Amino acid sequence: MTNLKGGSIDMAMRLTTSQAAELTEGFHVEEGTMNLVQALYLNNSVEPLNNEKVRQALCYAIDPQEIMDMIADGKGVRIGTSMYPGLKKYFDEEYSTYYEQDYEKAKDLLKEAGYADGFDLEITVSAADKPHVDTAQVIVEQLKNIGVNATIKPVEWEAWLEDVYANSEFESTVVGVDASNLSARAMLERFTTDGHGNFIKFSDEEYDRVFQEAIATTDEEEKVKLYKEAEGILTERAANVYIQDLANMVAISDRFDGYKFYPLYVQDMSTVYAVE
């Protein structure tokens, strides 16, 4: 913010809504999304998160809209599976409202799973990622309503990469997962049983089968159908608690124009030009 206001830089992305509101003169702010899937990612291999009913209970307890309202003035796009809106033909917004907040239903599921009195849950978050930390704080309050005692464990990013992503030594975490290229495969392959980067240890025979069929077919319409079927399995089995594609506020000096959002995490500067 200091560099923007001082004129030493002309553009900055991923600002918070409060930061963007400070730039009242000399800048215009473009509003888009970060092209990622923010979720409460769950380690499916540890108790009690290895129980599907427990994971579904967490989904019913958490309200993504309240999170968006609290951390970004309602900005962002609610999502319900491991696909973000930027990958347009693969994104199915119907999954976004598959779980609506229902504390009683969540409590019933916990009771059926043998956790009528709730349980303790640790949420590991990179301390430097404020949107994820803020999201975790809202989640902690929401989970209290179903007897789940969640606590936040802030760590350095390097520790998160090693402990959470590389070694799956965690219970849950709030983070954003993005794609390496413009394909559904880039988002969904990680959740196959032996998938590289399957840090949540999700394992489902039906999901593996559907995914393999999707990458094997050469019929594009059938491929899209199968990828959406795979997304539905992630939602139904509550592999994670899906939240949103975070708002992306990009501040640009009024000396420049033409900025366009690119459907990946990268910034496409080829369209930007100086205003005469």
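Y227 is buried, with a relative accessible area of just 4%. Here, buried stands for under 20% relative accessible area, exposed for over 50%, and partly exposed for anything in between (1.4 Å probe, protein chains only). This is a predicted model, where local features need pLDDT of at least 70 and side-chain atom pairs count only at pLDDT 80 or more, while totals for chains, interfaces and linings use all residues. Residues are numbered from 1 along each chain as its sequence is written, and side-chain values use heavy atoms, with hydrogens and water left out.

What does Y227 pair with? Its partner is F211, in an aromatic pair that is tilted, with 6.2 Å centre to centre and 55 degrees between the planes. Rings of Phe, Tyr and Trp (its six-membered ring) pair if their centres lie within 6.5 Å; planes under 30 degrees apart are called stacked, over 60 edge-to-face, and the rest tilted. F211 sits in helix α9 (residues 205-216) and Y227 in helix α10, so the pair ties together parts that are 16 residues apart in sequence. Helices (H or I, at least four residues) and strands (E, at least two) are DSSP runs, numbered from the N terminus. Like its partner, F211 is buried, at a relative accessible area of 1%. The structure holds 13 aromatic pairs, and ring pairs also link Y41, W157, W160, Y165, F170 and F199 into a cluster.

F211 turns up again around T192, a residue in the loop between α8 (184-188) and α9. T192 is buried too, with a relative accessible area of 9%. Leaving aside residues up to four places away in sequence, T192 touches N198, F202, Y207, D208 and F211, where a contact means heavy atoms within 4.5 Å.

Next comes helix α3. Eight of the 10 residues of this helix (residues 52-61) are buried, so α3 is largely enclosed by the rest of the structure. Those buried residues are V54, R55, Q56, A57, L58, C59, Y60 and A61. They pack against β3 (37-42), α5 (103-112), β5 (120-126), α6 (130-143), α10 (220-236) and β8 (240-245). At the start of α3, a side-chain oxygen of N51 comes to within 2.9 Å of the backbone nitrogen of K53.

Then there are the charged pairs. A search of the whole structure turns up 13 salt bridges, each being a side-chain nitrogen of Lys or Arg within 4 Å of a carboxyl oxygen of Asp or Glu. One of them joins the side chains of K5 and E22 (2.8 Å, N to O). K5 belongs to helix α1 (residues 2-6) and E22 to helix α2 (residues 17-22), so this bridge ties together parts that are 17 residues apart in sequence. K5 is partly exposed at 49% relative accessible area, and E22 is partly exposed at 42%.

Another bridge runs between E31 and K75, with the closest N and O atoms 3.2 Å apart. E31 lies in strand β2 (residues 27-33) and K75 in the loop between α4 (64-72) and β4 (77-78), so parts 44 residues apart in sequence are tied together. K75 is partly exposed, with a relative accessible area of 26%.

In the salt bridge of R78 with E100, the closest N and O atoms are 3.4 Å apart. R78 is buried at 17% relative accessible area, whereas E100 is partly exposed at 40%. Salt bridges that share partners also join D204, E206 and R237 into one network.

Definitions and conventions: Polar contact = N/O pair within 3.5 Å; in protein donor to acceptor, adjacent residues only side chain to side chain.
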